[in-house]
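Please open the model in your viewer and keep the selection tool at hand. The stops below follow one another, and each states what to select and what is found there.

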Amino acid sequence: MFLALGRLCTRGSRAKFLKTIYASKILGLSTSAKMSSKLKNAKRIEGLDKNVWIEFTKLAADPSVVNLGQGLPDISPPNYVKEELSKVAAIDSLNQYTRGFGHPSLVKALSCLYEKFYQNRINPDKEILVTVGAYGSLFNAIQGLIDEGDEVIVIVPFYDCYEPMVRMAGATPVFIPLRAKPVDGKKWSSSDWTLDPEELASKFNSKTKAIILNTPHNPLGKVFTNSELQVIADLCIKYDTLCISDEVYEWLVYTGNKHLKIATFPGMWERTVTIGSAGKTFSVTGWKEALAQAFWIDIKRMDDPECYFNSLPKELEVKRDRMVRLLESVGLTPIVPDGGYFIIADVSLLDADFSDMKDSSEPYDYKFVKWMTKNKKLSAIPVSAFCNAETKSQFEKFVRFCFIKKDSTLDAAEAIIKAWKRQAS
Amino acid sequence: MAKRLPARRLDGIDHNPWVEFGKLASEADVVNLGQGFPDFPPPDFAVEAFQHAVSRDFMLNQYTKAFGYPPLTKILASFFGKFLGQVIDPLKNVLVTVGAYGALFTAFQALVDVGDEVIIIEPFFDCYEPMTLMAGGRPVFVSLKPCPTQDGELDSSSNWQLDPTELASKFTSRTKALILNTPNNPLGKVFSRAELELVASLCQQHDVVCITDEVYQWLVYDGYQHISIAAILFGLGTSLPGMWERTLTVGSAGKTFSVTGWKVGWVLGPDSLLKHLRTVHQNSVYHCPTQGQAAVAQCFEQEQMLFGQPSSYFAQLPQAIQHNRDHMIRSLQSVGLRPVIPQGSYFLITDISDFKSKMPDLPGAADEPYDRRFVKWMIKNKGLVAIPVSVFYSVPHRKLFDHYIRFCFMKDESTLQAMDQKLQMWKDELRP
């Protein structure tokens, strides 16, 4: 139907050509039926559209609900951090593009900071990449290094994005659960949850491209020990595997625990990508951007109790302990976290009544959270959201609470929990 | 590590011209007319908006809604609804991204499958090709070609056109998307309504998604009009759906408010397409920084009130930049460069054919296109940085378009004066 019009340089000829195309359409080459066939998603995102945060933040958006769900500080970041961003906003050139792989003063600050922990120097231009949040780091690492057909080991429970990101890269996640071995007489702690070394070794094979490690761990708060990291390191070296280490909560470690970086273990630097987050470091999750100046302020005073890297975990440890007492007082069995700003608790002893809830096929903890949000005006996140299909049942009695919240929020949570306790007795 | 490290999706896409030319431009004493960013301050209202965003509500330091800070998605929906002739729902039809780059990446990842064909109009903003390849797609190129000009007359971007037959021949049953850029980088072409209707009818006929990169939509000169292809309806009195149903419109706060470092962009489109972009977004960056979005929202709220008035930034900016463009056009001609007058964008390209015939043997690699070698020579010897236009062409076509270089005129008056000084020295050296 197309006339061979040759090169057209005038409007008139083009208009004539357009009429020809329209004519052929009107003759019945209806495309509306075809519309559904091509205007659809690429296969890489098939099945990845559901997201626990979208679902649960909607529920918690009711202003009368005390939100201990999403890991969002409602405390103010330190003043000097806010001031730095303010100052930066007034500098003209900083309103334009910077170096693609990271603003020079930020990568320099990061290399200075982290060189304190590594034996080697860190080249700010080649060994640091600034990304859009730690989420962006994870995405880039996985897209850059993981191929279709690769296997990636994921420790359960896992921060929920690891699974869809691995699948989007066409790879297969291979899950291994942390297993609890509570010690008699001792309060249940995140350190009681461990990987079975033999079980872990059985997950590695020649197709294993990477293992994703998260320490301190979300949602458990586990801080992996030297010997635990050594087991992982040994396997990575034996199977020539990468380690993607998500260390966003690295500064939030409580008394008696130390954050260790697997990249510092022998043989690991060349096979490890270590991920950090300014949002979690400086309580500014919404920034997802450079904070060079704020880093310098704290780098210079790392031994000072005033340094945010020291003062924040102290502040949070108090909040953690308060949450532990609160949860215990109402019959929930919390697992005391060694790090991070979340605490999980076994809610099954509360024996909540879900008979009026519609979707009975959902895991227990999903039902519990929805019930608690609606009836107690307190929100949290179900831990089975951090599990793959097969392990959901192992974790469905657990619910995750976030405690990086201001005192008035925790007061409100306390009031709800106390009222709950009174009702129950 | 002994195992093959990088994923196969990265094959062939690791080279980036900006890294290469960025390095060269950081030499001392050059006037940088290469990369497209303003070297003058953003408007006061933008700087103030950002300062508000970082000093008022402290909760703006934390995560906002994943798909966009609500006041921003709301204002984008109401502002652009008018231009696209659509009722735009802030939750379903708007996605905020990390710059327009982020919007493009998200769109390609969401919709382009392995083996899909993507039509790319040349010259093209360089990232379209690697983004297509990274999604496993196959780029199919079609070139804008200049019609012959009258002797002594300067070429214009409006003169560069697509051959409709050639364009139509590029569509196959495997064509998933066509990427359009208007105003075009590097040429500065502003596609006319007739040209958009041509593209639209082919997309409609072949059931193809149109991704339209409109970051320079406010930078249009000489009374030309930017038209969004998403607003095109088909035929009077027919029941054919319009282009909205199959178009993703990409925008940029960086280019709109001269704040490229804020990295706030967006996509507007039907829910049926955007839901897939949301899936990619929630599995890649999930949230965009809050404060930049709050600042952009405030900027749009201001512009919405002033729209159509002479004091509107959208009126003042193109007027001011048109002066820059005209200044640059006059200056470049003084050394025998032949600029192509752009209808829009931050850029113009200049024909360097005369130099190619007078000094064909400039230093460079064996098969390095002439324009690259010319740019390197010009940076080293004349202290002016530009970008070789062959960077914006597919590899097989680079030899056909190796006689143009691109200059950015989105620069401060002092930069243009420094350019004039360099050009004066060059001119003096040309005299026998």
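**First stop: a helix in chain B**

Select helix 3 of chain B, where B:Leu72, B:Thr73, B:Ile75, B:Leu76, B:Ala77, B:Phe79, B:Phe80, B:Gly81 and B:Leu84 are buried. Buried means under 20% relative accessible area, whereas exposed means over 50% and partly exposed lies in between (1.4 Å probe, protein chains only). Helices (H or I, at least four residues) and strands (E, at least two) are DSSP runs, numbered from the N terminus.

Before going on, note that this is a predicted model, in which local features need pLDDT of at least 70, side-chain atom pairs count only at pLDDT 80 or more, and totals for chains, interfaces and linings use all residues. Residues are numbered from 1 along each chain as its sequence is written, chains are lettered from A and ligands numbered from 1 in the order in which they are written, and side-chain values use heavy atoms, with hydrogens and water left out.

Which span should the 15 residues of helix 3 of chain B have? The expected span of a helix is 1.5 Å times one less than its number of residues. Helix 3 (residues 70-84) of chain B should therefore span 21 Å, and its end C-alpha atoms are 20 Å apart, which agrees. After helix 3 of chain B comes B:Gly85, with a positive phi near 60°.

Now display what surrounds the helix. The buried residues of helix 3 of chain B pack against strand 2 (94-97), strand 9 (247-252), strand 10 (265-268), helix 10 (290-306) and helix 11 (313-333) of chain B. Contact here means heavy atoms within 4.5 Å.

**Second stop: the sheet beside the helix**

Select the seven strands of the open sheet in chain B, whose order is 2-10-9-8-7-3-4, with mixed pairing. Strand 2 and strand 4 (138-143) of chain B stand at the edges, each with a single partner strand, so one side of each has no neighbour in the sheet. Neighbouring strands of this sheet are turned by 20° against each other on average, direction ignored. Two strands pair if DSSP finds at least two bridges between them.

Begin at one edge: strand 2 of chain B pairs with strand 10 of chain B in the antiparallel sense over 4 bridges. Select B:Val94 and find its bridge partner in strand 10 of chain B, B:Leu268. Helix 3 of chain B packs on the sheet, touching strand 2, strand 9 and strand 10 of chain B, and its direction makes about 120° with that of strand 2 of chain B. Axes are lines fitted to C-alpha atoms, for helices over the stretch in contact, and angles run from 0 to 180 degrees between N-to-C directions.

**Third stop: strand 9 of chain B**

How many residues of strand 9 of chain B are buried? The count is 6 of its 6 residues. In a regular strand the side chains alternate between the two faces of the sheet. Select B:Thr247, B:Thr249 and B:Gly251 for one side, then B:Leu248, B:Val250 and B:Ser252 for the other; all are buried, and both faces are thus covered.

Strand 9 of chain B has two pairings to inspect. With strand 8 (residues 209-213) of chain B, the pairing is parallel over 4 bridges, and B:Cys210 stands opposite B:Thr247. With strand 10 of chain B, strand 9 of chain B runs antiparallel, joined by 4 bridges, and B:Gly251 stands opposite B:Trp266.

**Fourth stop: a sheet in chain A**

Turn to chain A and select its open sheet of 4 strands, with the order 9-10-13-12 and antiparallel pairing. The edge strands are strand 9 (333-335) and strand 12 (381-382) of chain A, each of which pairs on one side only. Strand 9 of chain A pairs with strand 10 (residues 342-346) of chain A over 3 bridges, and A:Pro334 has A:Ala345 as its bridge partner.

Add helix 12 (residues 308-329) of chain A, which lies across strand 9, strand 10 and strand 13 (398-402) of chain A, at about 15° to strand 10 of chain A. Helix 13 of chain A lies across strand 12 and strand 13 of chain A, at about 50° to strand 13 of chain A.

**Last stop: one residue**

Select A:Thr373 in helix 13 (residues 364-376) of chain A. Is A:Thr373 buried or exposed? A:Thr373 is buried, with a relative accessible area of 4%. Leaving aside neighbours within four places in sequence, A:Thr373 is in contact with A:Leu59, A:Val65, A:Leu378 and A:Ser379.
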